[in-house]
Amino acid sequence: MTDKEIREFIPTKFKIVNHTITVKIEECGSDDTLIKYGQWCMATTTITLYRYLLDDKGNEIPQTKEQLMSTFYHELFHCFFDFQSWEQSESDVQALSNMMVEYIDTMVFE
Ligand SMILES: [Zn+2]
């Protein structure tokens, strides 16, 4: 997906408790040992989404729209939890992310 396509559903910036959060899109954060979908950094108040993952042969596999949305919400929940100093686990954050993506995908306005 191009930056323009991704930016139709992923913001560039937003505010949480008066801190500006920047959302960057980078090419690839994975290496031989770790597949990285995205990252939240409290120090720089930045969410980074990676456009490509790497398979076991080193091929670049583009994240789908659904994966990018899920990754964005996953990192957003890390952000929320960190600002409130709430305990968090990867499974809690991923469960919330999955529910948020399903919620957005299934909203009906009648
Ligand atoms: Zn995580």
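Student: What radius of gyration does the protein have, and what would a compact globule with 110 residues have?

Tutor: Keep in mind that this is a predicted model. A compact globule with 110 residues would have a radius of gyration near 13 Å, and the protein's own value agrees with that. The C-alpha atoms fill a box of roughly 40 × 40 × 25 Å along the principal axes. The radius of gyration of the protein is 14 Å, against the rule's value near 13 Å.

Student: Okay, and in what order do the helices and strands run from the N terminus on?

Tutor: There are three helices and five strands to place. Reading from the N terminus on, the order is α-β-β-β-β-β-α-α.

Student: Which strand pairs with β2 in the antiparallel sense, and which in the parallel sense?

Tutor: Let's take the hairpin to begin with: β1 and β2 have two residues between them, and Val-17 in that turn has a positive phi of about 40°. Those two strands pair in the antiparallel sense over four bridges, with Lys-13 standing opposite Thr-22 in β2. The other pairing runs over six bridges in the parallel sense, and there Glu-26 has Tyr-50 as its bridge partner. So the antiparallel partner is β1 and the parallel partner is β4.

Student: Which element supplies the largest share of the largest nonpolar core?

Tutor: That core has twelve residues, including Trp-40, Ile-47, Tyr-50, Phe-72 and Val-93. Both β4 (46–54) and α2 (65–84) supply at least two of its residues. The largest share is seven residues, and they come from α2.

Student: Why might nonpolar residues gather like that?

Tutor: In soluble globular proteins, nonpolar side chains tend to be buried together. Here, the nonpolar residues gathered in the largest core include Leu-68, Met-69, Leu-76 and Phe-77.

Student: How far apart are the end C-alpha atoms of α2?

Tutor: Count 1.5 Å a residue, and the 20 residues of α2 should span 28 Å. The model agrees with that, because its end C-alpha atoms are 29 Å apart.

Student: What do the buried residues of α2 pack against?

Tutor: The buried residues of α2 include Ser-70, Thr-71, His-74 and Glu-75, as well as Phe-72 and Tyr-73. Just after the helix comes Ser-85, with a positive phi near 55°. As for the packing, the partners of those buried residues are α1 (3–6), β1 (13–16), β2 (19–28), β3 (38–41), β4 and α3 (90–106).

Student: What percentage of the contacts with a separation of 6 or more join residues 24 or more positions apart?

Tutor: Buried residues make up 17% of the 110 residues, but your question is about contacts. Among contacts with a separation of 6 or more, the share from residues 24 or more positions apart is 50%.

Notes:
Residues numbered from 1 in each chain as written. Predicted model: local features only at pLDDT ≥ 70, side-chain atom pairs only at ≥ 80, totals over all residues. Core = buried A, V, L, I, M, F, W, Y, C linked by C-beta atoms within 7 Å. Buried ≥ 20, exposed ≤ 12 C-beta atoms within 10 Å, placed from the backbone. Expected span 1.5 Å × (residues − 1). Contact = placed C-beta atoms within 7 Å. Pairing = 2+ DSSP bridges. Rg over C-alpha atoms; globule rule 2.2 N^0.38 Å.
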